[in-house]
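Dear colleague,

I am handing over the structure below, and my notes on its salt bridges follow. Please read them alongside the coordinates.

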Amino acid sequence: MKNTASTLLKQKQSGEKITMLTAYDYTTARIEDECGVNSILIGDSLGMVMQGFDDTLPVTMDQMVYHTKMVSKGAPNAFIVADMPFMSYQVSIEQAVANAGRLVKEGGANAVKLEGGAEVCDRIKAIVDASIPVVAHLGLTPQSVNVFGGFKVQGKTYEKAEKLLNDALKVQDAGACAVVLECVPSKLADIISKSLLIPTIGIGAGNGCDGQVLVYTDMLGMTTGHTPKFAKIFADAGQAMKDGIAAYIEQTNSGAFPSEEHTFSIDDEIIEKLKKGKLSS
Ligand code: KIV
């Protein structure tokens, strides 16, 4: 069944949790889709986990379109959400609509995601008016890392908590179909989730959210270095990959690989004839 903004909304209304994972390529998207994840996010986190940068800021529109294309090919059932990268929607409403359009038209996305509250509501409204569903993103918005001074929990003071709640209501009024809440205290995320008609999808925001999203390399143990507190490892694919690669190196070096079962045969007569031909010439 194809997941859409409406099926996600129905899940909130019926109390059925929404699952979202990031993916950046065809094969990963296919596996996630086959497992039945509701939504796949082509996050601009690809700048960190695929490209090795320290933050998401260098990611370009062309790269987002490229990765979105691969993911949407592999995931016919999931609701495909593509991130709008840094500076693809900040400059003008016109640019925001044109770039959102590229992610849908060229990339095959079903929706776009952009970061911010009241200050981006005019963008959200214009993109929704162009018939493109928008997922908002509040709390720790990684494109503002230089303003926050690092990747930190947001909304801990009364004023900041109140602003987050107001921003959530404003992005809903602007037409957003869902809101990602990142690194928000769980009791605050719970209040926001209960105050909104649209679903909240939390990452480091507790289980009061209507759904959860994780970066797939984090939850499969493939991230090296620092992993955030909220990133539970559900399976250690990182270690499984290391074991497999070490076994390949060892068996190739020893000659155990490739064995008969991984080799193609040819009629011995042909080989004999070839050898004779070579010797007589
Ligand atoms: O870019 C991303 O992967 C995200 C998630 C962390 C929500 O925005």
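In what follows, a residue is called buried under 20% relative accessible area, exposed over 50%, and partly exposed in between, with a 1.4 Å probe and protein chains only. This is a predicted model, in which local features need pLDDT of at least 70 and side-chain atom pairs count only at pLDDT 80 or more, while totals for chains, interfaces and linings use all residues. Residues are numbered from 1 along each chain as its sequence is written, and side-chain values use heavy atoms, with hydrogens and water left out.

Taking a salt bridge as a side-chain nitrogen of Lys or Arg within 4 Å of a carboxyl oxygen of Asp or Glu, the count comes to nine.

Two of the pairs lie within helices (DSSP runs of H or I, at least four residues, numbered from the N terminus). Aspartate 129, which is exposed at 53%, pairs with lysine 125, which is partly exposed at 45%, and their closest N and O atoms are 2.9 Å apart; both belong to helix α6 (residues 121-129), where they sit four residues apart, about one turn of the helix. In helix α2 (residues 26-35), arginine 30 and glutamate 34 are likewise four residues apart, and their closest N and O atoms are 3.4 Å apart, with arginine 30 partly exposed at 30% and glutamate 34 exposed at 60%.

Arginine 102 and glutamate 106 meet in a salt bridge at 2.8 Å, N to O, and both are partly exposed, arginine 102 at 24% and glutamate 106 at 37%. These two residues are also linked with Asp62 in a network of salt bridges.

Best regards
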